[in-house]
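Colleague: Please take a close look at the salt bridges of the model shown below, and place them in their structural setting.

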Amino acid sequence: FQPPPPPSSFPAAAFDPQPFFRFELVHQSSRSAARVGRVHTPHGVVDTPGFVAVATNGALKAVDHREADRRAGQQLMFCNTYHLV
């Protein structure tokens with residue numbers, strides 16, 4: 001096992017903002033740190049805050065993505081495939 005290289009070894013351009021990912025602030029509370037925003041990705045827009053299903057062991061048990069989209073308004077799903085390596 002070899003540890004990853006330190007961040008200082010990456011070229012400076014690796015840390016530049018990329019045009020295909022951006023965060024849009026829609027509203028920020030004047031009474032707290034709460035905020036509403038949108039994450040723009042090459043695959044679409046995700047509203048924040050929002051419900052995000054998280055897969056463990058390669059499966060979202062009891063969650064059908066079509067139902068989650070329709071009934072809960074889910075726009076994002078985290079699926080961990082690391083265990084398949």
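Modeller: The following account begins with the chain, turns to the salt bridges and the sheet around them, and ends with the remaining strands.

This is a predicted model, in which local features need pLDDT of at least 70 and side-chain atom pairs count only at pLDDT 80 or more, while totals for chains, interfaces and linings use all residues. Residues are numbered from 1 along each chain as its sequence is written, and side-chain values use heavy atoms, with hydrogens and water left out.

The protein chain contains one helix and five strands, where helices (H or I, at least four residues) and strands (E, at least two) are DSSP runs numbered from the N terminus. Their order along the sequence is β-β-β-β-α-β. Of the 85 residues in the protein chain, 9% are buried; buried means under 20% relative accessible area, exposed over 50%, and partly exposed in between, with a 1.4 Å probe and protein chains only.

Side chains of opposite charge can pair when their charged atoms come close. A salt bridge is taken here as a side-chain nitrogen of Lys or Arg within 4 Å of a carboxyl oxygen of Asp or Glu, and the count by this rule is two. One salt bridge joins Glu24 to Arg38, with 3.4 Å between the closest N and O atoms. Glu24 belongs to strand E1 (residues 22–28) and Arg38 to strand E2 (residues 35–41), so this pair ties together parts that are 14 residues apart in sequence. Arg38 also forms a salt bridge with Asp47, where the closest N and O atoms are 3.4 Å apart. Glu24, Arg38 and Asp47 are thereby linked in a network of salt bridges. How accessible is Glu24? Glu24 is partly exposed, at a relative accessible area of 27%; Arg38, at 31%, is partly exposed, and Asp47, at 36%, is partly exposed.

The setting of this network is a sheet. Three strands form an open sheet in the order E1-E2-E3, with antiparallel pairing; two strands pair if DSSP finds at least two bridges between them. E1 and E3 (44–48) are the edge strands, each with a single partner strand, so one side of each has no neighbour in the sheet. On average, neighbouring strands of this sheet are turned by 20 degrees against each other, direction ignored; axes are lines fitted to C-alpha atoms, for helices over the stretch in contact, and angles run from 0 to 180 degrees between N-to-C directions. Six bridges join E1 and E2 in the antiparallel sense, and Val36 in E2 is the bridge partner of His27.

The remaining strands give a further pairing. E4 (residues 52–55) and E5 (residues 76–79) run parallel and are joined by four bridges, with Ala55 opposite Cys79 in E5. In E4 the side chains alternate: Ala53 and Ala55 are buried and point to one face, whereas Val52 and Val54 point to the other and are not buried.

Gln74 sits in the loop between helix H1 (65–72) and E5, and is buried at a relative accessible area of 5%. Leaving aside residues up to four places away in sequence, Gln74 touches Phe51, Ala53, Ala68 and Asp69, a contact being heavy atoms within 4.5 Å.
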